[in-house]
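Open your viewer and get ready to click along with this tour. At each stop you will be told what to select and what to look for there.

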Amino acid sequence: VSRILFCEDDPAIDKLIRMAMRNTTHEISMASTGREGLRLAKELRPTVVFSDVSMPDMDGFQLAGALRADPELAKIPIVFITASVQRADIEEAMRYGAARVIGKPFTVTDLRALVAEFA
Amino acid sequence: VRVVGDAAGAQLADRPAVAAPAGALEQRGRPRVGFDWVVRSPVRMLVVIALIVGVPVNVFGQYLADNARDDFREVALAKVDGGSYAGANLVGERMSAVRYRTEAVAGRARVRSLMAARDFEALEQLLGEELLLYSNDVNNLFVLDIGGHFVASYPSQGDLHGVDFSRTSYYINATSAPWHPVVSPVEATQLGTSGTSVTVAVPIFDEFAVEPVGLLCASMDLGRARVWLAPITLLFDQVYVVDDKGRVIFGDERVDATPLRDLTSDPNIAAAMGGRPVRHETADVYSGQTRFLASSAVAGLGWNVFVGDSPAPTTQRLGELTDGLLLLRLILLGLLLVGGVVLSRTTLRQQALALANLTRLNRAKSDFVSVVSHEFRTPLTGIQGFSEMIRDEPLSQAEVKEFANDINDDAKRLSRMITEMLDLDRLESGRMVMNREQIDLGSLIQKTVDHQAPNAPKHHVVVEIEPGLPRVWADRDRITQVLTNLLSNAIKYSPDGGTVTVRARAERDVAHISVSDQGLGIPAGSLEEVFERYSRLHTTKQRTIQGTGLGLPIVREICKLHGGHAWVESTVGKGSTFHVTLPFDLKGVAR
C-alpha cells in the first residue's frame, strides 16, 4: 500500500480527486496549501506527491524545493497538476524536478494511470 | 521525463499563437523604397524634399532673376533710347529755329534796300535789333556781300570790314547755284569763349527774290547749346552730340569738353554715322565702363545725339533682387530642413508610439488569453472529471445526482466567469450602455438583501438606511450588480457567519453605501489589490471560497462610470468594510 499526497487548493478539484481515488487501496491524503502539503509530507513520508502549482502561502514549485532540501524527502517523486500549460510553464516545472506534469483539465483515467505508475 | 496525458499534450500544442502579430510588426527583409522608407531617415527625407521642392524652386528663382535682369535691361535701354530721341528733337528744333529766324531776317525788304544803298551803318543797327529777337543761341549776325566780303556785323567788328570771306565753306556751299541756306561744319570758334561754333548762312535776294545780293550769317556758340539738352541731362549720366564727321560738338559738362575731339574710331559712333542708331549695352567711349547707350540722328544735320546711362543703379537693384531671391531660397531651404526633420521625427515618433501601443495591446491580449485559459481550466477540470466518472463508472443514484450537482456548480461558475469577463470588458471599454433613472437606494438594498438571504443561513444581515436619503441617478441593474457582489463577498468571506451590515447615508452630494462583515479580513497591503482582475487572495481559510476574481473590479468600474468611488477598509481576522459612493447629481459626469 502506497501513501499518496495530493496538494490542491480548489475545492472542486479537491473533491474530484477524492472521488476519483475513493476506490483505490492506496492511502490518500489531501492538503489544501503548499505549507500543509510540506507538513503532511514530513509526517507521512508519502510514496509520491501530486501538487497543484498555484496555491496559497507556498506554491507547488516552492513545495518541490522544500522537499528536495530535506534529505529524507528528497527522493519522493513529485507530479505537478497545473492549469498553466504553456511550454515555458512546463519547462519551469521540469527545472523544479517534476517527475511528470499533468495539465488541467485532466481526465480521471489519466490521473489514475499516473497514480498507478508511481504507487 | 514526459508530459502525461492527452489533455496536457494537446494543451502543450495549443499554445496561443499570440506571438505571431508581434513578429508581423517587425521590419522584415529588404527595405522597400517608399514613403515609410523615406520618412524613417531625416537625411533621406531632406534629399527627397530638396529634389521635389528645392530644385523647382531654384529653377524658378533663376528664371525669375533672368527675367528680371532682361526686364531691367529693356527698361534701361528704352530710357536711354527715349532720351536720345528727345535730345535729337531738342537740337533739331533749336537749329531749325535759328535757320528760320535768319531766313526771316534775310527776307526783310529793309535789309535788301540797305544792301542796295550800301548803308552798312544802318544795316549793323538793324542787325542789332534783329539779334535781340534771337534767343541766346546766336551771338553774332554778320552780312557778306555777293563777292563774299564782310560788310556789316552785330556786334560791330569794324576791323573785319572788307575782309574776304569767300573761302569759307559756308560761303562756297551757300553760293553754289542756286543759292540756298546752309549750316556750316562745326569749327573751333573765333567768336565767343567756348570751344566750338557753327554758322548758319542764308542768302539775301533782290526784291524779285531772284538775284542774290549777299549772305546773312548767324554765328552760334555751341558751348551754349548744352543748355538745349538741360531737360534730359539731369536724367542721364551722359548726353553728347556728335557731328557728321564723328566729332563731339557739345554735350553736358560731364563729357570731356575737348573741342571737336575725333571719336570716329568708336564703333558706336561709327555705326550711328553710318545710319544705324545705337541701342545697347556697351563700353563707354570716355570711361570704358559699361553703359546703356542709345543714339538718335538729328534731322537734316547729320548729327547724332548720344545718351548714356550707367548700369550701376540697375545692377544694384538687380543685386538687391538677386540677394532677396537668394535669401528667400535660403529661408525656404531652412524651412524645408526644419520641416523635414520635424516631419520625419514626428512620423518616426508616431510609428514608434503605434508600435509600442500595438506591442502593449498584443501583450495585454496575450496575458488576457493566458489568464482566461488558466481561469477556465479549473471549473473545466471538474466538469470533465465528474462527467467522465458518471459515464464510465457504476454509480449509485445519489452519487450521480451529487456529481451532476458538482458539474452544474462548475458550469455555473464558468458561465459567471464569462458573463463577468464580458461585463468588465464592456465597462472598461465604455461600451456598457447605462440606463439611468432615479433610484431609491433603500428599497434596492432591501431587495438585494432579501434575494441573497437564502445563501446566508449562518449570517445576520442588518440594513441601515438613513431616513430621507435622496434618490440617485443611476442604472438599476448595474447598482444591483454592485450590491450583489459586495453582499455575496461579505457572506462568502465570513464563512463562520456573523453580522453583515449594509448602511446607506447621504454625505454632501453623494450617497455613501457600506457593506461590513465580521469575516476573514484583508491584509493592509492588499486593500487595493482586491480591486484588480483575478487577484483573489490566497489564504488558508479563503481557499475553499470560490470566486471569479472579477467581482470587485466590476464594482469599481461601475462606480467610476457613475462618478463615484469604491474602496475597502479591513482588519485581518475582524472583518472588512467595503465603501461605495454614488453622486446624487451627475453634474460633470458623462450621461
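Helices and strands here are DSSP runs numbered from the N terminus: helices are H or I over at least four residues, strands are E over at least two. With that in hand, select B:Pro155, which sits in the loop between β3 (150-154) and α7 (169-175) of chain B. A cis peptide bond joins B:Tyr154 and B:Pro155, with omega about 0°.

Before moving on, a word about what is on your screen. This is a predicted model, in which local features need pLDDT of at least 70 and side-chain atom pairs count only at pLDDT 80 or more, while totals for chains, interfaces and linings use all residues; side-chain values use heavy atoms, with hydrogens and water left out. Residues are numbered from 1 along each chain as its sequence is written, and chains are lettered from A and ligands numbered from 1 in the order in which they are written.

**Stop 1: chain A**

Select chain A and follow the backbone from the N terminus: the elements run β-α-β-α-β-α-β-α-β-α. That makes five helices and five strands. Now colour the chain by pLDDT, the predictor's confidence in each residue, from 0 to 100. Chain A averages 89, and 100% of its residues score at least 70. Among its elements, strand β1 (residues 3-7) of chain A has the highest mean pLDDT, 94, and helix α4 (residues 87-95) of chain A has the lowest, 84.

How much of chain A is buried? Buried means under 20% relative accessible area, exposed means over 50%, and partly exposed lies in between (1.4 Å probe, protein chains only). Buried residues make up 58% of the 119 residues in chain A.

Next, select A:Pro105, in the loop between β5 (100-103) and α5 (108-118) of chain A. A cis peptide bond joins A:Lys104 and A:Pro105, with omega about -5°. Most residues other than glycine have a negative phi, and most peptide bonds are trans.

**Stop 2: two positive phi angles**

Switch to chain B and select B:Arg118, in the loop between α5 (109-117) and α6 (120-133) of chain B. B:Arg118 has a positive phi of about 50° although it is not a glycine. With a relative accessible area of 51%, B:Arg118 is exposed.

Then jump to B:Arg508, in the loop between β16 and β17 of chain B. Here too is a residue other than glycine with a positive phi, near 50°. Is B:Arg508 buried or exposed? B:Arg508 counts as exposed because its relative accessibility is 85%.

**Stop 3: an antiparallel sheet**

Select the five strands β9-β8-β12-β11-β10 of chain B, listed in their order across an open sheet with antiparallel pairing. Why do β9 (248-251) and β10 (279-283) of chain B each have one side without a neighbour in the sheet? These two strands stand at the edges, so each has a single partner strand.

Two strands pair if DSSP finds at least two bridges between them. Zoom in on strand β8 (residues 238-242) of chain B, which pairs with β9(B) over three bridges in the antiparallel sense. On its other pairing, β8(B) joins strand β12 (residues 303-309) of chain B over five bridges, again antiparallel. Show B:Val241: it stands opposite B:Phe250 in β9(B), and its bridge partner in β12(B) is B:Val305. Look also for B:Tyr240, which stands opposite B:Gly251 in β9(B).

In a regular strand the side chains alternate between the two faces of the sheet. Turn on side chains in β8(B): B:Gln238, B:Tyr240 and B:Val242 point one way, and B:Val239 and B:Val241 point the other way. Five of the five residues of β8(B) are buried, so this strand is largely enclosed by the rest of the structure. Finally, trace the hairpin formed by β8(B) and β9(B), with five residues between them. B:Gly246, in the turn, has a positive phi of about 80°.

**Stop 4: a mixed sheet**

Select β14-β16-β17-β19-β18 of chain B, the order of five strands in an open sheet with mixed pairing. The edges belong to β14 (459-465) and β18 (566-571) of chain B. Inspect strand β16 (residues 498-507) and strand β17 (residues 510-516) of chain B, which pair in the antiparallel sense over seven bridges. Within this pair, B:Thr501 stands opposite B:Ser516 in β17(B).

**Last stop: a buried valine**

Select B:Val555 in helix α14 (residues 551-561) of chain B. B:Val555 counts as buried, at 1% relative accessibility. Add B:Leu486: these two residues are 69 residues apart in sequence and 7.9 Å apart in space, C-alpha to C-alpha.
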